[in-house]
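Q: I've just opened this one and don't know it yet. Can you walk me through it?
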Amino acid sequence: MVNTVMKAMSNRYMALMKVMHYLSAMLKVMLIGNALFISHVKSDADKLGLEFQEYTEGMTGGYIVAIAIRDDIDNPDYHFYRENGDGTWSGKVGGDKVTTGIENPQIDAFNNDYNIFLGYFYVTEKDECSK
């Protein structure tokens, strides 16, 4: 009986390891996908004469944006937010009007079914950003 219990535990352990391996692989795919998305945004910004980089405290000369993604296979989407001068945020979805007064873009994104928050970035005219 002890041998049977040990075998069952071993099978469960192996199944758990397979699930963890799968989740680890999926995380790597998501991270590569997110990095690719950011590289495309940087490339597009560059073509417009803009510098797009990860935000660090104290940057001046531009504005902070936040990006969220919905990775739903049936309804994929991405969303940008921009910080306003008063510390609130604005966002715009497609042809809708601009939404202002958003207190936290991360919470707003998750409340609107964007399940991946890519973070905060800084946009400036080329050679305008200082730290």
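A: Sure. Start with a charge and a ring: the charged end of Arg70 sits over the ring of Tyr114, 4.4 Å from the ring's centre. Keep in mind that this is a predicted model.

Q: And what does Arg82 lie over?
A: The face of Tyr63. Arg82 is 3.7 Å from that ring centre.

Q: Let's back up. How many helices and strands does the chain have?
A: Two helices and six strands. Going from the N terminus, the order is α-β-β-β-β-β-α-β.

Q: How much of the chain is buried?
A: Buried residues are 25% of the 131 residues.

Q: What about contacts between residues far apart in sequence?
A: Take the contacts with a separation of 6 or more. Of those, 59% are between residues 24 or more positions apart.

Q: Back to rings. How many aromatic pairs are there?
A: The count is six aromatic pairs. One of them is Phe52 with Phe121: the ring centres are 5.0 Å apart and the planes are at 15°, so this pair is stacked.

Q: Why does 15° make it stacked?
A: Because planes under 30 degrees apart count as stacked. The Phe52 and Phe121 planes are at 15°, so they qualify.

Q: Where do those two sit in the chain?
A: Phe52 is in strand β1, residues 50-54. Phe121 is in strand β6, residues 116-125. The pair therefore ties together parts that are 69 residues apart in sequence.

Q: Are they buried or exposed?
A: Phe52 and Phe121 are both buried.

Q: Got another pair?
A: Tyr55 and Tyr122. Their ring centres are 5.7 Å apart and their planes are at 35°, so the pair is tilted.

Q: Which parts does that pair tie together?
A: Tyr55 is in the loop between β1 and β2 (63-70), while Tyr122 is in strand β6. So the pair ties together parts 67 residues apart in sequence.

Q: Tyr55 first: what's its relative accessible area?
A: Tyr55 has 23%, which makes it partly exposed.

Q: And Tyr122, buried or exposed?
A: Tyr122 is buried, with a relative accessible area of 3%. The cut-off explains the call: buried means under 20%.

Q: Which residues do ring pairs link into a cluster?
A: Phe37, Tyr78 and Phe80.

Q: New topic: pockets. How much space is in the largest pocket?
A: About 270 Å³. Its lining has 15 residues.

Q: Which of them lie nearest the centre?
A: Val41, Phe52, Tyr63, Phe80 and Val123. Some of these have come up already: Phe52 is in the stacked pair, Tyr63 has Arg82 over its face, and Phe80 is in the ring cluster.

Q: Which elements supply at least two residues of that lining?
A: α1 (2-47), β1, β2 and β3 each do.

Q: Stay with α1 for a moment. Anything there?
A: Asn34 is in helix α1. At 15% relative accessibility, Asn34 counts as buried.

Q: What does Asn34 touch?
A: Setting aside neighbours within four places in sequence, Asn34 is in contact with Ile69, Ile116 and Leu118. Asn34 and Ile116 are 82 residues apart in sequence, but 9.0 Å apart in space, C-alpha to C-alpha.

Q: Now β3. Who's in there?
A: His79 is in strand β3. This residue is buried, with a relative accessible area of 6%.

Q: And what is His79 in contact with?
A: Leaving out neighbours within four places in sequence, His79 is in contact with Ala66, Ile67, Ala68, Gly91, Lys92, Val93 and Tyr114. You met Tyr114 at the start, as the ring under the charged end of Arg70.

Q: What comes between β3 and β4?
A: A loop that includes Thr88; β3 covers 77-83 and β4 covers 89-91. The Thr88 side chain makes a polar contact with the Asp86 side chain, at 2.6 Å.

Q: What else is Thr88 in contact with?
A: Beyond neighbours within four places in sequence, Thr88 is in contact with Arg82, Glu83, Gly101 and Ile102.

Q: Last one: where is Thr99?
A: In strand β5, residues 99-102. Thr99 counts as partly exposed, at 43% relative accessibility. Not counting residues up to four places away in sequence, Thr99 touches Trp89, Ser90 and Gly91. Thr99 and Tyr81 are 18 residues apart in sequence and 9.6 Å apart in space, C-alpha to C-alpha.

How values were computed:
Residues are numbered from 1 along each chain as its sequence is written. This is a predicted model: local features need pLDDT of at least 70, side-chain atom pairs count only at pLDDT 80 or more; totals for chains, interfaces and linings use all residues. Side-chain values use heavy atoms; hydrogens and water are left out. Rings of Phe, Tyr and Trp (its six-membered ring) pair if their centres lie within 6.5 Å; planes under 30 degrees apart count as stacked, over 60 as edge-to-face and the rest as tilted. Helices (H or I, at least four residues) and strands (E, at least two) are DSSP runs, numbered from the N terminus. Buried means under 20% relative accessible area, exposed over 50%, partly exposed in between (1.4 Å probe, protein chains only). A charge sits over a ring if NZ of Lys or CZ of Arg is within 6 Å of the ring centre and within 35 degrees of the ring normal. A polar contact is a pair of N or O atoms within 3.5 Å; within protein, one must be able to donate a hydrogen and the other to accept it, and residues adjacent in sequence count only if both atoms are side-chain atoms. Contact means heavy atoms within 4.5 Å. On a 1 Å grid over the protein atoms alone, a cavity is a set of points where a 1.4 Å probe fits but cannot get out, and a pocket is an open set with protein on both sides within 12 Å along at least five of seven lines; lining residues have an atom within 4 Å of a point. Grid points are joined across faces, edges and corners, and a volume is the space filled by probe spheres set on the points.
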